[in-house]
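Visitor: I have a structure to read and little time. Please walk me through the fold.

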Amino acid sequence: MPLMSIQEYRETEFTEKSQPSFNTVKAWIRNGVVYGKKIGGKWYVDPTKDVLFTDNELVLKVLRSK
């Protein structure tokens, strides 16, 4: 699936009343909760990619560097 904007992600993955804020989704991307990246000043999400959940800081550092 192609990347989608944060706005599209919020609209397709959440009901209108439960949509997280734009800044919350950006924080999720930075913290590895969802897969996404910043391209040319805009943020995008790929909801089809799995994210590895771990509390191991070394693993998180390596994954975030990719």
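Guide: First, a term: two strands count as paired if DSSP finds at least two bridges between them. Note also that this model is predicted.

Visitor: In the hairpin of S2 and S3, which residue takes a positive phi, and near what value?

Guide: S2 and S3 pair in the antiparallel sense, over four bridges. Their hairpin has two residues between the strands. There, the residue with a positive phi is Gly40, near 55°.

Visitor: Which residue of S3 is the bridge partner of Ile39?

Guide: S2 covers 36–39, and S3 covers residues 42–45. In S3, the bridge partner of Ile39 is Lys42.

Visitor: What is the order of the three strands in the open sheet?

Guide: S1 joins S3 through two bridges, running antiparallel. Met4 stands opposite Val45 of S3. S2 also pairs with S3 in the antiparallel sense. The order is S1-S3-S2.

Visitor: Which strands stand at the edges, and why is one side of each left without a neighbour in the sheet?

Guide: The sheet is open, with antiparallel pairing. Each edge strand has a single partner strand, so one side has no neighbour in the sheet. The edge strands are S1 (4–5) and S2 (36–39).

Visitor: Which side chains of S3 point to one face and are buried?

Guide: Side chains alternate along S3. Lys42 and Tyr44 point to one face and are not buried. Pointing to the other face, and buried, are Trp43 and Val45.

Visitor: Why do the buried residues of H2 line one face of the helix?

Guide: The buried residues are Val25, Lys26 and Ile29. They pack against H1, S2 and S3. Seen down the axis of H2, they line one face because they fall within an arc of 100°.

Visitor: What angle does the direction of H2 make with that of S3?

Guide: H2 spans residues 22–30 and packs on the sheet. It touches S2 and S3. Its direction makes an angle with that of S3 of about 70°.

Visitor: At what angle do the axes of H1 and H2 cross?

Guide: The two axes come within 10 Å. H1 is roughly perpendicular to H2, because angles of 65 to 115 degrees count as such. The crossing is at roughly 100°.

Visitor: By class, how many residues in the contact of H1 with H2 are charged?

Guide: H1 contributes Ile6, Tyr9 and Arg10. From H2 come Phe22, Val25, Lys26, Trp28 and Ile29. Six are nonpolar and none polar. The charged residues number two.

Notes:
Residues numbered from 1 in each chain as written. Predicted model: local features only at pLDDT ≥ 70, side-chain atom pairs only at ≥ 80, totals over all residues. Heavy atoms only, no water. Contact = heavy atoms within 4.5 Å. Axes fitted to C-alpha atoms, helices over the stretch in contact; angles between N-to-C directions. Buried < 20%, exposed > 50% of the residue type's maximum accessible area, 1.4 Å probe, protein only. Arc of directions from axis to C-beta. Parallel < 35°, antiparallel > 145°, perpendicular 65-115°, else oblique. Nonpolar A, V, L, I, M, F, W, Y, C, P; charged D, E, K, R; others polar.
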